[in-house]
Amino acid sequence: MGRTGKPLTLIGGYLGTGKTTLVNHILSAGSYGRVAVVVNDFGSVNVDASLISSAGADTLELTNGCICCQITDDVQRTMSALAAREDIDHVVCELSGIGDPARLGSWRSYPGFRPGPVVICVDAAVTPRRLADEYVADIVTRQIAAADILVITKTDLATPAQREASLRWCAQLAPEASVHQAGPGDAAGTEAVIRELTERAKGEPAAPPVQGNPHPEPGQDASASRSGSRDPSAPDTQHEADRSEHASAHASLTVALPGLNAVQRIVAALRDHRSALVRAKGIIENDEGGWSRIQLAGDVVTTEPVSGDRADRPAPDGLPEPKDPESSLVLIAAGPHAEQKLRFVADALRANACTHSSAGAGKATADGAGAVPGLASGVAPGLANDAAARFARGAAPRTAGTPGVTPADGPAADVPHPADSPTPVHPRHSRTAQ
Amino acid sequence: MPGQTPEPTIVYPARLVRTMNASCPTAEAVAVRGDRFRAVGTVDELLSYPGAVVDDRYADDVLLPGFVEAHSHAGTGTTWKGTYIGYVDRVDPEGRHWPGCRSIDDVIARLQREERKIGDPGQPMIAWGFDPIFFQDRHLTARDLDRVSTERPIYIGHASGHACTVNSAAIRRCRVAEASHVEGVHLGDDGQPNGELHEFAAMSLVQELSAGNDVLSVDRAALERFGQDAVNTGTTTLTDLGTTRLMGEEGVELYRGTVGDGFPARLNVFHFGAGIGPVSGSLAEDAQRLVELRDLSTDRLTFGNVKLMLDGTLQGFTARVREPGYYGDQPNGMWNVSPEEYHRAFEIFHRAGLLIHVHCNGDQATQLFLDTLEQVLVAHPRPDHRHTCTHSQMTTPAQFRRMKALGACANLFANHIWQWGDQHLDLTMGPDRARRNNAAATALRHGVPISLHSDSPVTPLGPLKTVKHAVTRLTQSGRVMGENERISAQDALEAITLGSAFMLKRDDEIGSIEPGKFADMAVLADDPLAVDPAEIGDIRVHGTVVGGRHFRSNVGSS
């Protein structure tokens, strides 16, 4: 009893972030098996009346096989009843707007359940403001940090600056979560979210954390979720367990990009390879004498200059960016071929890295007009490295601080230390406590 | 009326009548006609009223206005279905004295004694009041409880509501060992569940044992026990601060059927509007129903008030606090409702003309109470609303000033000073901010109307003890927590009579001994202003008078 069971997926996010919209899609889709959805309030559920085959006080049964339950005063009764049902493939629970997935995640180890992913909806317009709000900043921070899948919603109501700020926060608070954008009417975006959460939920059951032995056994590494059942006040062992669990579900790679980079080329290369990546982020030295932050989140690549004083950057809540002073990007990919994808994209980036690289390297990419044909034809990483070597400032091999990030791979790290390398201006790396 | 015999006016001479009416603070007697006070004065004066007769049953006693408890729960009567094993002394509604259990051994001894009295061997034993914060270095586990019984399931709810401990019979019956991987199931060195279950997923494994014993479960017997508890403590007006049952007929009928003219206290029932479970999808309809229920109110039973709950507790580290946070830098606490949903609920109930009391333990909760109140009042002005910040435990001086400016009241949790004062000094707030825990003197300095409360069953009902705590600010270890926040016994007595009547909007009918008000009195053996402040809580309560009817305490003299 207990180690198997149906996945319990949590859908969280602050009030008004679009949780119910997502739930409505899951219910009406009906194409992902027999799903039971637990909602706070029937009133907000919008199911086509013709789909309802029977309706009780707290339960709707749909003709497509889905079930919708309203949470009553007695959460324990609702959840334990669902856990006991054997005719359900997957339970999706909508949390309240202030629900802390880490706290409620403990249900995922209840007999009859196993952990599914934590999906957090993020309102593109107001999230930055909420993260500065005295009353709810910590609540929203915890929600986002617990996410395996982030859904950026209400993009139509957000200014580009708000949307970018929201994406930036997501990148800092949940660097390993996959990010989807699902504006209103974006059926494809919503579909992609549901597909991912269903696939993750299907993953092999992972060993739930056991007190005294928080480290998962080798082989039990296919985890649907990296968090959601941890006690924020618990000692770090639990986090360590989360990290090692996650490391195998995702792969990541730090690509050093030393020298003065043409930012637009890096951006273009990332954009071309966005489908291979879950996320990318980092800060690189640009060819205008400054530094640029580059992010890939939710299939969108963004860039912005980084001022000399980076104190304006919001606290990453313990989840680090690549450490100063290196000019580098962290790439994250998922799936069975994640490592291959990472090497492939890393090569593409290196090929586009440095404006002061040799003419040959520059041409190889310029000709491709952003498509980076050189990669397809297997441009040797050495090209970029040769170029980089001239201006490199000593990128030593290192282990990235990001949970689950593997050490930087060989070639980029093996850059020699030329004596004449320019002294980089190290942006001050400061974090404000929350 | 002509042709009818007028009701008699009964003159009660007393050792002293303390009225809480500043124009006539003391008197030698009080006259009652029907259910109302007719006059106070000398016996001679009172005998001049038509039909006056003397009843000298209280000739040796001290009469005060009946005490008004503005924050308590009818579930007080439910908890006594289980065995009390809390740290402080209590008296049950049958008048029995239960000494506090000061060690795990005390707990076990109490359970052993009471277990033998339960007949059916299959019936689970339930105990309440256990608070692990008093036993920092020692956990209560199944091994301890197995000393009580290895056959009968035993369930010990922790005071926080977030954990319980069960014995091995319960572990067997509820098959906890088969679910030992559930988060919150604590394991012993042998890898087996040790009986401690934390948070709701783990606790639900044994929920069948404790069903119907929670504070929100109330039946007729529980209400009657609650009423007797009031008599025993001199309380003539109670509150049930937060029920979810008024939206159904059955719940309303329970109150109406039980709290009639013979009930020994007045009861103000507050609808639990937000902060427990999902917020109702039809707040406007709920408000409308409460307005209609208000018209069903009687002299004894009041409907039409609302309770909203914002945060958790200080001793559970779940209260929402502002900078600089908890003493040990623990993470901030939790909201029971989002600020937006709270705003919506507050606005709707306010606009319906209802009185709202808001649970705010931490100062960040108080801040949200004030911010929301100001916004709602600007949009929907309402004179003399008397909305109340209840608990208001960590309210700052600036917040009290703002409370005054916005016309709000503060109901302070003075019993905390005694029950958890040492923990506030040493664990939760630290020696500095613990000084302003339940800062009654600051509130009064800034002109905020206050009351003092017990939150029974969280701490024992007993307004005289509550007065003692506000006057002495003594903790259980004997320290004075915030000497400058002590208030006078006169101010404290006023807070638990007129002060609470004011924030229930009933100060025109109760809260002082004045002609025309309901004849509600606490019958005491001594004058609270004449004894050492530390002994105010020990004054013997003989009983109460409610609407002219007499009720005797069932507590034996000690």
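I take two residues to be in contact if their C-beta atoms, placed from the backbone, lie within 7 Å. I note also that the model I am reading is predicted.

**Entry 1: B:Asn21**

I looked up the contacts of B:Asn21, leaving out residues up to four places away in sequence, and found B:Ser512, B:Ile513 and B:Glu514. I located B:Asn21 in the loop that runs between strand 1 (9-18) and strand 2 (26-33) of chain B. Is B:Asn21 buried or exposed? I record B:Asn21 as partly exposed, because 18 C-beta neighbours lie inside 10 Å, and a buried residue needs 20 or more. I then checked B:Leu498, which is 477 residues away along the chain; its C-alpha atom is separated from that of B:Asn21 by 9.0 Å.

**Entry 2: the nonpolar core**

I turned to the largest nonpolar core, which has 260 residues. Which residues touch the most other members? I noted A:Leu150, A:Leu331 and B:Val30. Helix 19 (residues 489-503) of chain B gives this core its largest share, 9 residues. For B:Val30 I listed the contacts beyond four places in sequence: B:Tyr12, B:Ala14, B:Val17, B:Phe37, B:Val40, B:Leu63 and B:Ile513. B:Ile513 also appears among the contacts of B:Asn21.

**Entry 3: helices 12 and 13 of chain B**

I examined the packing of helix 12 (residues 363-379) against helix 13 (residues 397-405) in chain B and found an angle of about 25 degrees, with the axes 11 Å apart. I therefore enter helix 12 of chain B as roughly parallel to helix 13 of chain B, since angles under 35 degrees count as such. The crossing of these two helices is left-handed. On the side of helix 12 of chain B, I found the contact to be made by B:Asp363, B:Thr366, B:Gln367 and B:Leu370, and on the side of helix 13 of chain B by B:Gln399, B:Arg402 and B:Met403. I sorted the residues of this contact into 2 nonpolar, 3 polar and 2 charged.

**Entry 4: chain A and A:Leu8**

I counted 14 helices and 14 strands in chain A. Chain A has 434 residues, of which 51% count as buried. Of its contacts between residues at least 6 apart in sequence, 75% join residues at least 24 apart.

I placed A:Leu8 in strand 1 (residues 6-12) of chain A. A:Leu8 is buried, with 30 other C-beta atoms within 10 Å. Its contacts, again beyond four places in sequence, are A:Val91, A:Cys93, A:Trp107, A:Arg108, A:Phe113, A:Pro115 and A:Gly116. How far apart in space are A:Leu8 and A:Asp347? I found 39 Å, C-alpha to C-alpha, for a separation of 339 residues in sequence.

Note on methods: Residues are numbered from 1 along each chain as its sequence is written. Chains are lettered from A and ligands numbered from 1 in the order in which they are written. This is a predicted model: local features need pLDDT of at least 70, side-chain atom pairs count only at pLDDT 80 or more; totals for chains, interfaces and linings use all residues. Helices (H or I, at least four residues) and strands (E, at least two) are DSSP runs, numbered from the N terminus. A residue is buried if 20 or more other C-beta atoms lie within 10 Å of its own, exposed if 12 or fewer, and partly exposed in between; C-beta atoms are placed from the backbone. Axes are lines fitted to C-alpha atoms, for helices over the stretch in contact, and angles run from 0 to 180 degrees between N-to-C directions. Angles under 35 degrees count as roughly parallel, over 145 as roughly antiparallel, 65 to 115 as roughly perpendicular and the rest as oblique. A crossing is left-handed if the near helix is turned anticlockwise from the far one by less than a right angle, and right-handed if clockwise. Ala, Val, Leu, Ile, Met, Phe, Trp, Tyr, Cys and Pro count as nonpolar, Asp, Glu, Lys and Arg as charged, and the others, Gly among them, as polar. A nonpolar core is a set of buried Ala, Val, Leu, Ile, Met, Phe, Trp, Tyr and Cys residues joined through C-beta atoms within 7 Å.
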